[in-house]
Structure formats: C-alpha cells, structure tokens
Amino acid sequence: LLLLARETWRTIAIATAGMTLAWLLAVPLALGSTARLSISALARPMGLLPFAVRTALRWTMVVLRSVPELVWALLFVRVVGLGPTAGVLAIGIAYGGMLGKVYAEILESGDPAPTQALLRNGSGRLQALLFGTLPQCGSELVSYTVYRWECALRASVVLGFVGAGGLGQLLDSAAKMFSGGEVSTILLVFISLVALSDRISALLRRALA
C-alpha cells in the first residue's frame, strides 16, 4: 500500500507539473496568436509584422501538438534518462500546443464588443483581457484546463510504460508478474483519480458561475 500511495502521488505530480509547464507555454502562445486582443487588429488591414508573428505562433502550436506525448516521452527518455522528468516534459510540450490552440479559440469565440471598446479607449491588452474577455470565457477556460489535467493523468499512466514512472510503471510490473489483484487495485486508484478531477471541475465551474 505504501508503494501504491507513493506511485499515485508521483502520477499526480507528473500530471500537475506537466500541466503547469503546458500552461506556461500555452498562455503566451494563445495571447500572442489571438487577434481579438491586438491593438493592431483594430485597424484594417493588419500590419505585416503582427500578422507574421501570429502566423508563426500558430504554426508553433501546430508543431507542439502534432507529436503525441508518447513520442515526446520516448525522445526525452533518451535525453534525460528514465524517470518522471521525461514524462513532465512530454506532457508539457504536447499539451502546451493543445491548450494554446483551444485557449485562443475560446478567447476568439466571445463577444468582441467589450474587448474592442476597451482597446479603442486606450486600455492595454492586459486590461482588455481581464475586464473584457475573461468575464465571458473564464468558466470555459477553467473547465477545459481541468479536463486537460484529467487527460494528463491518463497520459502519465501510459508514459509509465516507457519508463516515466508513476502508476503506469507499477501497472506494467504487476501485469508482467500476472498479479491480477495488484492490477485491479491500480486500475481502481486510476478510476478514482479521474472521478476526482471531474469533481474538481464541477466545483470550479460552480465557483465561477
């Protein structure tokens, strides 16, 4: 039980650290590629340099999310060795592209009038984001982020099979030993983690409602 508790905590830590890295990548990519928050986009046509920067950021997100996290993990295992670091980097890079793309789409999907009114009246991009865009999109952004954390939990289990540690590595060892009881216990713990993420998402949405 002590080993199971330790590997469960390691799985949560891998998923959370990977999501933190992904969020740090996704936020600047999303904000930089979103024309809704751009002062230069208020004028038509948009300048060549802002357009080129946004295009480059969008292609960066395409590259990041095109390679599955399992492939990233295999690459990082070769670079940094076996252990949770490879899993964190794999989740962070792959999910950074996914989060950035969806964040940008959510920000673009809201009513543009409040954000554009703030920008036209001298507000900066941060003020327009905080007071014009986030009040409309905040709950959707939080909900998607928690959902991706749930996906990161699942991914961290899969990455354990390639040496990233956590419940996946423990499950791999138990399956090779044909230990049905251990496999069942690990799967129950995994199901409980996913149910916990659902509960956290519901609580956060309720708090933001």
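Let me start with the salt bridge between E7 and R6, whose closest N and O atoms lie 3.7 Å apart in what is, I should say at once, a predicted model. The two partners sit in rather unlike surroundings: E7 counts as buried because its relative accessible area is 7%, while R6, at 48% relative accessibility, counts as partly exposed. This pair does not stand alone, since R6, E7 and R10 are linked in a network of salt bridges.

The structure holds four salt bridges, and I would like to take you through two others. One of them joins E105 to K101, with the closest N and O atoms 2.6 Å apart; these residues are four apart in helix α4, so about one helical turn separates them. E105 is partly exposed, with a relative accessibility of 43%, and K101 also counts as partly exposed, in its case at 28%. In helix α6 we find R154 and E150, again four residues apart, or about one turn of the helix, and their side chains meet in a salt bridge of 2.8 Å, taken from N to O. Here R154 counts as partly exposed at 31% relative accessibility, whereas E150, at 10%, counts as buried.

Now to the interior. The largest nonpolar core has 52 residues, and those with the most contacts inside it are Y95, L99, Y103, L167 and I186. Several helices give two or more residues to this core, among them α1, α6 and α8, but the one that gives the most is α4, with 14 residues. If we take I186 and leave aside its neighbours within four places in sequence, we find it in contact with L4, L167, L170, L171 and A174.

Which residues does T34 touch, beyond those up to four places away in sequence? They are R54, A104, L107, E108 and R125. T34 itself belongs to the loop between α1 and α2, and it is classed as buried because its relative accessible area is 0%. A polar atom of the T34 side chain also lies 2.4 Å from the backbone oxygen of A30.

Finally, the surface. L70, L74 and V158 together make a nonpolar surface patch of about 230 Å². Of these, L74 is found in helix α3, and with a relative accessibility of 44% it counts as partly exposed, so it falls between the 20% limit for buried and the 50% limit for exposed.

How values were computed: Residues numbered from 1 in each chain as written. Predicted model: local features only at pLDDT ≥ 70, side-chain atom pairs only at ≥ 80, totals over all residues. Heavy atoms only, no water. Core = buried A, V, L, I, M, F, W, Y, C linked by side-chain atoms within 4.5 Å. Buried < 20%, exposed > 50% of the residue type's maximum accessible area, 1.4 Å probe, protein only. Contact = heavy atoms within 4.5 Å. Patch = residues over 30% accessible without salt bridge, like charges linked within 9 Å, V, L, I, M, F, W, Y side chains within 5 Å. Areas by Shrake-Rupley, 256 points an atom, 1.4 Å probe, with all protein chains shown as cover. Polar contact = N/O pair within 3.5 Å; in protein donor to acceptor, adjacent residues only side chain to side chain.
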